[in-house]
Amino acid sequence: MGILRIFTYCLLALLLSGCYETFSPDIDEKPVLCINALIKAGEPVDVNISHTWIYSDFEAMKNHEVKDAEVSIYANDERVTEGYIPKEGDRIRIVAKSDKYGSAESETVVPYSTVPKLIDWDMDIISQNVYSDDEYAINIFLYFNLAIKLEISDISDMEDYYRISFKDFSLNFPLSDDNLKDPDYFQNNHLFYGNGYLDYNAEPLFFENVEELESIYGSESGFDFFTDKQFSGSAYTLNLLFIGCHYQLQTNVCDPDFFDCGKMITLHSVSKSYYDWEYYDMQIDSGILADLTNWGFNDPIWGYSNVSTGAGVVAAESSVSIIVNLKDKLEKFLP
């Protein structure tokens, strides 16, 4: 029995040894130019030029700049200067040349913006504690969910791509520093506004590209990029639900500015290249298809690029923001 066990172990070791081999891959691929740019309507074009490198080239990994790169920018087939400000509808082409790494180019169109309409918003109060004491005349502690409804009107016959983003503001985190009071003012009065987090499950559009397989395995996650596939040529009400928002105020001075807080919601109209890159990145980061590829059960997911060399992404966007200010409803909690 002992001999049989030893023989089995030796046979197993022999079989496994055939699975491994030390080798140095001979990669006959020359580095090429890489172009990356996010072109925004109303802002100068910022282009990043680099070059590709193989994974074993650690020096190139640390520094992959292209010192001899010459970059030309074209708007609607006309060459423009470095300070050109792109407009909605502009067709932007970027051409880069290098004696060492060759040439590369890419083109995208700056999409027309869509103005969102604020339909309604509401604070669902989960808990509240409002009182006066010997230390502060006003103590307000609120814990709530914030529901916002935005209408998106899609008037284009073409397929459009969107992204939603948001930013919080209050006296201690203003949208602009121009009118910020004494930096210690809000601290002395203990003002705090917490933004909560976006519940992607409240809006079906954030899951329009979740693969059926991902849904079965429960690995799907929300995606803040979406298309007009479900409302092309019509209007759609986007539901944004922010869970776990906080508002806290402890003060002896009733200043209306303390209640001036809320969210800035921005609707970005994005190019197809921007959408396609983000979708690829989502699949690599959290998609079940990437897991299946790593396990050897799926074909490789090729990297996305709209540059002629296959390296980099040139994307574009235009955006419109609206403000949801909680001031009127917060003031009602004054004791």
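Which residue stands opposite Leu 33 in E2? I looked that up before anything else, and the partner is His 51. A reminder to myself: this is a predicted model, and the entries below are lookups in that model.

**Entry: the E1–E2 hairpin**

I stayed with the two strands that hold Leu 33 and His 51. Strand E1 covers residues 33-40 and runs antiparallel to E2, with five bridges joining them. Between the two strands of this hairpin I found six residues. Gly 42 caught my eye there, as its phi is positive, near 90°.

Just past E2 comes Trp 53, in the loop that leads to helix H2 (58-62). Is Trp 53 buried or exposed? Neither, quite: I got 35% relative accessibility, so Trp 53 goes down as partly exposed. I also checked how far Trp 53 is from His 64, eleven residues along the chain, and their C-alpha atoms are separated by 7.9 Å.

**Entry: the six-stranded sheet**

Next I asked where E1 and E2 sit in the wider sheet. Six strands make up an open sheet, and I read their order as E2-E1-E15-E14-E9-E12, with mixed pairing. The edges are strand E2 (47-51) and E12, each of which pairs on one side only. From one strand to the next, the twist averages 25°.

I then picked out one pairing inside this sheet. Strand E14 (residues 262-270) and strand E15 (residues 314-325) are antiparallel partners over nine bridges. Ile 265 has Ile 322 in E15 as its bridge partner.

On E9 I looked up Ser 165. With a relative accessible area of 17%, Ser 165 is buried, the cut-off being under 20%. Its C-alpha is 5.2 Å from that of Thr 266, although the two residues are 101 apart along the chain.

**Entry: the four-stranded sheet**

There is another open sheet, this one of four strands in the order E4-E3-E5-E6, and its pairing is antiparallel. I noted strand E4 (78-80) and E6 as the edge strands, each pairing on one side only. The twist here averages 25° from strand to strand.

Strand E3 (residues 70-75) pairs with E4 over three bridges, in the antiparallel sense. Tyr 74 stands opposite Arg 79 in E4. Tyr 74 has company on its ring as well: Arg 93 lies over the face, 4.4 Å from the ring centre.

While on charges over rings, I wrote down one more. The charged end of Lys 329 sits over the ring of Trp 121, at 4.4 Å from the ring centre.

**Entry: aromatic pairs**

I went through the ring pairs next. Distance between centres and angle between planes are what describe such a pair. The count came to 14 aromatic pairs.

Why does the pair of Tyr 162 and Phe 231 count as stacked? The centres are 6.3 Å apart and the planes meet at 25°; planes under 30 degrees apart count as stacked, so this pair does. Tyr 162 belongs to strand E9 (residues 161-169), while Phe 231 sits in the loop between strand E12 (225-227) and strand E13 (235-251), so the pair ties together parts 69 residues apart in sequence. I checked exposure too, and both Tyr 162 and Phe 231 are buried.

For contrast I took Trp 277 and Tyr 280. Their ring centres are 5.4 Å apart with the planes at 45°, so I logged the pair as tilted. Both residues lie in helix H5 (residues 272-286), three residues apart, which is about one turn of the helix. Trp 277 is partly exposed, at 30% relative accessible area.

I also found a cluster linked by ring pairs: Tyr 161, Phe 223, Phe 225, Tyr 274, Tyr 275 and Tyr 279.

**Entry: the largest pocket**

Last stop, empty space. Rolling a probe the size of a water molecule over the atoms shows where such space is left. I got about 500 Å³ for the largest pocket.

How many residues line the largest pocket? I have 22 on the list, and those nearest its centre are Pro 111, Tyr 112, Ser 156, Glu 159 and Asp 160. I then sorted the lining by strand: strand E6 (102-109), E9 and E14 each supply at least two residues. My earlier notes put E9 and E14 in the six-stranded sheet, and E6 at an edge of the four-stranded one.

Technical notes:
Residues are numbered from 1 along each chain as its sequence is written. This is a predicted model: local features need pLDDT of at least 70, side-chain atom pairs count only at pLDDT 80 or more; totals for chains, interfaces and linings use all residues. Side-chain values use heavy atoms; hydrogens and water are left out. Rings of Phe, Tyr and Trp (its six-membered ring) pair if their centres lie within 6.5 Å; planes under 30 degrees apart count as stacked, over 60 as edge-to-face and the rest as tilted. Buried means under 20% relative accessible area, exposed over 50%, partly exposed in between (1.4 Å probe, protein chains only). A charge sits over a ring if NZ of Lys or CZ of Arg is within 6 Å of the ring centre and within 35 degrees of the ring normal. Two strands pair if DSSP finds at least two bridges between them. Axes are lines fitted to C-alpha atoms, for helices over the stretch in contact, and angles run from 0 to 180 degrees between N-to-C directions. On a 1 Å grid over the protein atoms alone, a cavity is a set of points where a 1.4 Å probe fits but cannot get out, and a pocket is an open set with protein on both sides within 12 Å along at least five of seven lines; lining residues have an atom within 4 Å of a point. Grid points are joined across faces, edges and corners, and a volume is the space filled by probe spheres set on the points.
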